[in-house]
Protein chains: 2
Amino acid sequence: MGKAQVSIRVALADDHRLLLEGLAQALNGIPDIDVIGTAVDGADLIELVAATEPDVILVDIEMPGTSGLAALAEIRNGPPAIVVTMHADQEHRSRAQAVGAVGFMSKSTPLPDLAAAIRAAAAGESLMNDDAETILAMHQDPVLSAGAAALTAREKELLGMLASGVSSTDDLANRLFISQKTVKNHLASIYEKLDITDRAQAAVEAIRLGLRRDPDD
Amino acid sequence: MGKAQVSIRVALADDHRLLLEGLAQALNGIPDIDVIGTAVDGADLIELVAATEPDVILVDIEMPGTSGLAALAEIRNGPPAIVVTMHADQEHRSRAQAVGAVGFMSKSTPLPDLAAAIRAAAAGESLMNDDAETILAMHQDPVLSAGAAALTAREKELLGMLASGVSSTDDLANRLFISQKTVKNHLASIYEKLDITDRAQAAVEAIRLGLRRDPDD
DNA sequence: TGCAGAATGGGCCGCCAGACCCATGGCGCA
DNA sequence: TGCGCCATGGGTCTGGCGGCCCATTCTGCA
């Protein structure tokens, strides 16, 4: 309390420069936060982190080339990372968690909440659990329909493939190592839950729900 | 030059608060630009503009409820508006132009370029034409594939429907007021140009290309 | 003036997608 | 212990999708 307070050193990564530069200035305007570097893609971020050793990393998922998640997976055991995304749904969240992110926030979050998250991350707290849950819930994108919540893991996986352009029964079966018949069964179940009728609509929904999966899985 | 310079009064609208608040602070940091108000959806923006009469409007296309374009269409004959979007492709651009926007920029644009655009807009210049073209081109999202450029207007329209979940030949034909046969012909042409084989893949590509169209057209 | 391309349309056909029935094994939970 | 759900798989059938070939009209450009 009486001690001299050192600013939290933050590294920022986002391919949208307006957000990147705007957010950097806004964060610099907060007394105890200091943006020490920015990156516009995952590769940049990896270099930046290695060069500057920040206290906290703030990273967007969607970036050209090396994505934010890929960069985090690469870095690992580095400084605590908060993932910022437009798709603040459970799917992206667990993927962020899987690569070691300690925080996960929607771009719709107000700035002070992000600042609070940065302070918590710098203090070594994880925001992925319990009470942070309620704060997060308030800022999650309101697009998750009733049916989407009922999707099973396998169904989401299948939707992920569809969203990345794998559409034929045969290809889907091969990639999931199951028979063509099972693919069709899963699809039928998906159609019912999402109230749709074919793969084209399923692909649209899958993308809307953020279930897209990079083909290199 | 020697005259006292009055700041340009800017109104900002974006549903992503991190971008909104960050960009607001960043713009306020520029001497001749003054952000006089922000909005998180189209309805907010309409109120804000009526109340504050800004010199320039900066608006995102994608917002919940009333979209940025819908808000601009509502406002019309108001202050010059610059549309800022993640999907900086020709399709979105012409739609922005249709509702009277004088500028159109990707969120990947560096901040100084945006500031320049704001100054130009405040000075009554239009950035939709000629030389601004080259600046814009540099900041357009780099995802437009070779084949996508060859798509005709009708084909894009059809893709737009697909991307919003209209998938059956019958529905497509009804909405476009053409025969089912013509729908299939257009689709075949699309498949060839984009090197894909079915509607599901076409929907994925359409969304990727930002051709999605709201169902209420 | 003619040609290329776009938009509209037709016919035909093979095959896959989706609908509707079912069975089995595993897993979790009451 | 049994119920329900999930993932896996089978069979069948019909309709629609996509592939291929074609014609007509209009526009714009060389």
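These questions and answers walk through salt bridges, a covered helix and the chain interface in a predicted model.

Biologist: How many salt bridges are there over all chains?

Modeller: A pair counts when a side-chain nitrogen of Lys or Arg lies within 4 Å of a carboxyl oxygen of Asp or Glu. Over all chains, the count by this rule is 10.

Biologist: Which residue forms a salt bridge with A:Arg119?

Modeller: A:Arg119 sits in helix H5 (residues 111–122) of chain A and is partly exposed, with a relative accessible area of 33%. Its closest N and O atoms to the partner are 2.6 Å apart. The partner is A:Asp32.

Biologist: How many residues apart are A:Arg119 and A:Asp32?

Modeller: A:Arg119 and A:Asp32 form a salt bridge. This pair links distant parts of the chain, with A:Asp32 in the loop between helix H1 (17–28) and strand E2 (33–39) of chain A. The separation is 87 residues.

Biologist: In which helix do A:Arg154 and A:Glu157 both lie?

Modeller: Their side chains meet in a salt bridge of 3.2 Å, N to O. A:Arg154 and A:Glu157 are 3 residues apart, about one turn of the helix. An α-helix has 3.6 residues a turn, so residues three or four places apart point the same way. The helix that holds A:Arg154 and A:Glu157 is H8 (residues 153–163) of chain A.

Biologist: Is A:Arg154 buried, exposed or partly exposed?

Modeller: Buried means under 20% relative accessible area, and exposed means over 50%. A:Arg154 has a relative accessible area of 28%. That value falls between the cut-offs, so A:Arg154 is partly exposed.

Biologist: Are B:Lys107 and B:Asp60 buried or exposed?

Modeller: B:Lys107 and B:Asp60 form a salt bridge, with the closest N and O atoms 3.4 Å apart. The pair links distant parts of the chain: B:Lys107 is in the loop between strand E5 (103–106) and helix H5 (111–122) of chain B, and B:Asp60 is in strand E3 (residues 56–60) of chain B. Both B:Lys107 and B:Asp60 are buried.

Biologist: How many of the 10 residues of helix H11 of chain B are buried?

Modeller: Helix H11 (residues 199–208) of chain B is mostly covered. Its cover includes H8 and helix H11 (199–208) of chain A, together with helices H8, H9 and H10 of chain B. Among its buried residues are B:Arg199, B:Val204 and B:Ile207. The number of buried residues in H11(B) is 9.

Biologist: Which residue has a side-chain oxygen that reaches the backbone nitrogen of B:Ala200?

Modeller: This approach is at the start of H11(B). The oxygen comes to within 3.2 Å of that nitrogen. It belongs to B:Asp198.

Biologist: What area is buried between chain A and chain B?

Modeller: In the interface, 32 residues of chain A are in contact with 32 residues of chain B. Carbon and sulfur atoms give 67% of the buried area. The total is about 2700 Å².

Biologist: How many residue pairs are in polar contact across the interface of chain A and chain B?

Modeller: The rule finds 0 salt bridges across this interface. For polar contact, both residues must be at pLDDT 80 or more. The number of such pairs is 12.

Biologist: Which helix gives the largest share of the side of chain A that touches chain B?

Modeller: H1, H5, H8 and H11 of chain A each supply at least two residues of that side. The largest share is 8 residues. The helix that supplies these 8 residues is H1(A).

Conventions. Residues are numbered from 1 along each chain as its sequence is written. Chains are lettered from A and ligands numbered from 1 in the order in which they are written. This is a predicted model: local features need pLDDT of at least 70, side-chain atom pairs count only at pLDDT 80 or more; totals for chains, interfaces and linings use all residues. Side-chain values use heavy atoms; hydrogens and water are left out. Helices (H or I, at least four residues) and strands (E, at least two) are DSSP runs, numbered from the N terminus. Buried means under 20% relative accessible area, exposed over 50%, partly exposed in between (1.4 Å probe, protein chains only). Contact means heavy atoms within 4.5 Å. A polar contact is a pair of N or O atoms within 3.5 Å; within protein, one must be able to donate a hydrogen and the other to accept it, and residues adjacent in sequence count only if both atoms are side-chain atoms. Buried area is the accessible area (1.4 Å probe) that two parts lose on being put together, summed over both.
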